[in-house]
Amino acid sequence: SVEGSTGMAVPKNTYKPVDPSTLTQRQRDTRMANELGKNMWTKCNPGYVAGSMNTMSQAKMDFQYDPSEIEPVDKKNFRRRDTFTNYVEAAAKYSNIMKKSGGSGL
């Protein structure tokens, strides 16, 4: 095994041959598309070797989940009531009442 960019041990070769007759059509299509993509990149860029490439994106390496970075949520202004919210709520109630009774509403 080899140590990967995450510091975890990663086996050198994780590919296990599978009998294609046991795969579903979708799995066969996916494998074929992956092989086509690897072959296309190998022809365009001779230095491209999928086995030696770092398969983790830079964003995933940079933004790792760390529970110590989570800040507590401040709910001081959460669903604060004021004259405007009271007005909007009253207008919505009035509109719903008018719709139910068949009136014109607001």
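The following dialogue goes through some features of this structure in turn.

Reader: What kind of model is this, and how are its residues numbered?

Author: This is a predicted model, in which local features need pLDDT of at least 70 and side-chain atom pairs count only at pLDDT 80 or more, while totals for chains, interfaces and linings use all residues. Residues are numbered from 1 along each chain as its sequence is written, and side-chain values use heavy atoms, with hydrogens and water left out.

Reader: Which elements does the protein have, and in what order do they run?

Author: Helices (H or I, at least four residues) and strands (E, at least two) are DSSP runs, numbered from the N terminus. Here there are three helices and two strands, and from the N terminus on they run β-β-α-α-α.

Reader: How many of the residues, as a percentage, are buried?

Author: A residue is buried under 20% relative accessible area, exposed over 50%, and partly exposed in between (1.4 Å probe, protein chains only). In this protein of 106 residues, buried residues make up 5%. The accessible area, computed by the Shrake-Rupley method with a 1.4 Å probe and, for residues, with only the protein chains shown as cover, comes to about 10,100 Å² for the protein, and carbon and sulfur atoms supply 56% of it.

Reader: Where in helix α3 are the buried residues, and where are the exposed ones?

Author: The buried residues of α3 are Ala-91, Ser-95 and Met-98. They cover an arc of only 65 degrees around the axis (taken from the directions from the helix axis to the C-beta atoms), which puts them on the same side of α3. On the other side of α3, Lys-93, Ile-97, Lys-100 and Ser-101 are exposed.

Reader: What span should α3 have, given its 19 residues?

Author: The expected span of a helix is 1.5 Å times one less than its number of residues. For the 19 residues of α3 this gives 27 Å, and the end C-alpha atoms are 27 Å apart, which agrees. Just after α3, Gly-102 takes a positive phi of about 90 degrees.

Reader: Which residues are linked in a network of salt bridges?

Author: Side chains of opposite charge can pair when their charged atoms come close. A salt bridge is counted when a side-chain nitrogen of Lys or Arg is within 4 Å of a carboxyl oxygen of Asp or Glu, and by this rule the count comes to two. Glu-89 meets Arg-81 in one of them, at 2.6 Å from N to O, and Glu-89 also forms a salt bridge with Lys-93, where the closest N and O atoms are 3.6 Å apart. Arg-81, Glu-89 and Lys-93 are thus linked in a network. Glu-89 and Lys-93 both lie in α3, four residues apart, about one turn of the helix, and Glu-89 is partly exposed at a relative accessible area of 32%.

Reader: Which residues make the nonpolar surface patch?

Author: Patches are made of residues with over 30% relative accessible area and no salt bridge, where like charges are joined within 9 Å and nonpolar side chains (Val, Leu, Ile, Met, Phe, Trp, Tyr) within 5 Å. Phe-84, Tyr-87 and Val-88 make a nonpolar patch of about 350 Å². Val-88 lies in α3, residues 83-101, and counts as partly exposed at 39% relative accessibility.

Reader: What phi does Arg-79 have, and where does Arg-79 lie?

Author: Arg-79 has a positive phi of about 50 degrees although it is not a glycine. Arg-79 lies in the loop between α2 (58-62) and α3, and is exposed, with a relative accessible area of 68%.
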